[in-house]
There are 2 protein chains.
Amino acid sequence: MVEPVRIALDAMGGDFGPSVVIPGAAQFLDRKPDSVFIIYGDSEKIAEHLNAFPKLRAASKVIHSSVSVGMADKPSQALRAGRRVSSMWMAIEAVKTGAAHCAVSAGNTGALMAMSKVCLRTMAPIERPALAAIWPTLRGRSIVLDVGATIGADAQHYVDLSMMGAAMARSLFDIERPTVGLLNVGVEEVKGIEEVKTASRLLQQIDSPLFSYHGFVEGDDIGRGTSDVVVTEGFTGNIALKTAEGTARQITAYLRESLTRSLINKIGAFIARGAFRELKMRLTPRETSGAVLLGLDGVVIKGHGGIDANGFSGAIEIGHGMVRRALLEKIRDMMALAEEQVDGQTVAAAAPSERPLETGQ
Amino acid sequence: MVEPVRIALDAMGGDFGPSVVIPGAAQFLDRKPDSVFIIYGDSEKIAEHLNAFPKLRAASKVIHSSVSVGMADKPSQALRAGRRVSSMWMAIEAVKTGAAHCAVSAGNTGALMAMSKVCLRTMAPIERPALAAIWPTLRGRSIVLDVGATIGADAQHYVDLSMMGAAMARSLFDIERPTVGLLNVGVEEVKGIEEVKTASRLLQQIDSPLFSYHGFVEGDDIGRGTSDVVVTEGFTGNIALKTAEGTARQITAYLRESLTRSLINKIGAFIARGAFRELKMRLTPRETSGAVLLGLDGVVIKGHGGIDANGFSGAIEIGHGMVRRALLEKIRDMMALAEEQVDGQTVAAAAPSERPLETGQ
């Protein structure tokens, strides 16, 4: 029998706390029964919801915490008030002690990153963590990182991001040799900042069996799905992600307005309502509802703040998948192989410690 | 009688050249008969199309050029081969000599920027030009700059961008005191790069009657229309713009797929077809189909490369509006007022040289 995946949940995170986290976990458990939970937070509030899901209750241990990190708290404030005692910290710490394989929180992003960094530390030789989003594209899904963990990057950080993103793509998409694109601007000669250009040269030199460098991609290549992984530093990545989210909201608002403006449009929209349900699902698929904190010595998933139970179940599923498919080992393999290359050794014969799964997205 | 606006057109620019430029100009002339044109390009090809529009022909002078800048040419290559002799250069030069009030080209962005900078030079004290996009929002339209003219920025450049953008908003939207937001990321304490923070402090200190500093905005605020002007440097701005374009294309592709997947959806979509026409118009409104090169000693409009005649007529209309509403003077006013402030003089009594038009977007 396979060992169950042990998942630590911050029940107090997100805009809705246990009322979303608990039903989300229950939904997830229905899909993946090979999981057990440690749920951190206000035990009374948790019990209120947990009692409705006997199967989940049987698979869970609740650990009380009376401190929760506010969605608007500054990271330093959250660390001061919530270190060791908050539900968020305790969920992360469970990963550190080995009590859990991964932690999932829909709480305050800045606080989650700060606490994860302090508690879990980065995985050598990675110096700075990254936040990786799963982005729905016309071809399927891509990984975009960094969407806000670290502002600014030197060339080496872009290379680290490329390797972490590729390792995550191998874990998540079962692609043997994912393609990595470096986000840049399209005007030929002013093309990009020095660091991005240097990173591109470095990536061209790495001949890894674990990823393939595609070259530069532009903003509109993300939605197109041109590469499996899109790499940029946290400032630009955060703005790209939020701009895309804003554009999606804007277009759905336009669509809603147009479809309700006249009776005839309302009738048409009613008849084609299946199409709009489908559109909604394609825009916010469950599989993209969590971002992954990469570069840490542990698996931490950030669910979106305004997530619903279905979305939260998707965020847990991302964590579960990262554990089952050995994300951390894949990152370590990637880094080790790159270091061998830097040391000038042959890498052609080097094999990753795990056999890659079948190809195809 | 008002003097007509003299508009120089690069007939060879864009993916379709005169077949779009000429009908576009004809459409525009129907809306704004107070215009005359100087059309640069292959006179034979121009005549082919111009003969179909006698009214436009009567209002136009055609000047032959056998050199056109390719859409894939590098800026330096375009300058080497096209300086003085290409239709693009000649259109820009017409602005310099005063033969035209503004130039409009749907050609190669990098080449257009490079040629404009060499030919027209920047307007003192502005050191580097910017490309300003007009972005449809839930509230109407906003100006986003820089979307790719200049990569990287120090604090002073952000301030220059703010003032140029505000001057353009005053010209384009008839708002007396537009709001300006600085694009930044949302994580509180890692908030932004040093230059952006410093720029924010500088902007807070400027108490201009010509614009109001809103503070930081995030990627999703652009589509929301939180501020009339959104300021960022060219790398991030270009990526934000292209990411939004990519997302819009992705969503309309999803929508098309969903609406054609079943007969019942097709029927609904047919009944509500007016709504989808409206959506398309709201996503690519004619008034947003050109970007403005700011900071130059002349008005140059860049129409999108893949534009149709209706879109090109919108790009001309932006140029026409910038001339009629004295964009360059508004930028000069803005800069002069800011300099007085820096010199420590009272600015409360200072009035712009033009009376602002009525307020409201």
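Through which surface do the copies meet, the same or a different one? With 98% of the interface residues of chain A also being interface residues in chain B, the copies meet through the same surface.

A quick note first: this is a predicted model, where local features need pLDDT of at least 70, side-chain atom pairs count only at pLDDT 80 or more, and totals for chains, interfaces and linings use all residues. Residues are numbered from 1 along each chain as its sequence is written, while chains are lettered from A and ligands numbered from 1 in the order in which they are written.

**How the chains relate**

A turn of 180 degrees and a shift of 0.0 Å along the axis lay chain A on chain B with an RMSD of 0.1 Å (least-squares superposition on the C-alpha atoms of residues with pLDDT of at least 70 in both). That's the relation of a two-fold axis. In chain A, the residue that comes closest to the rotation axis is A:G268, with its C-alpha at 2.0 Å.

**The two contacts**

Residues count as being in contact if their C-beta atoms, placed from the backbone, lie within 7 Å. Chain A splits into domain 1 (1-121 + 296-320) and domain 2 (129-294 + 326-361), with bounds from an automatic or database domain assignment. Their centres, taken over C-alpha atoms, sit 25 Å apart.

| Contact | One side | Other side |
|---|---|---|
| Chain A with chain B | chain A: 61 residues | chain B: 60 residues |
| Domain 1 with domain 2 of chain A | domain 1: 18 residues | domain 2: 13 residues |

On the side of chain A that touches chain B, α10(A) gives the largest share, 22 residues. Helices here are DSSP runs (H or I, at least four residues), numbered from the N terminus.

Technical notes: Contact = placed C-beta atoms within 7 Å. Helix = DSSP H or I, 4+ residues; strand = E, 2+ residues; numbered from the N terminus.
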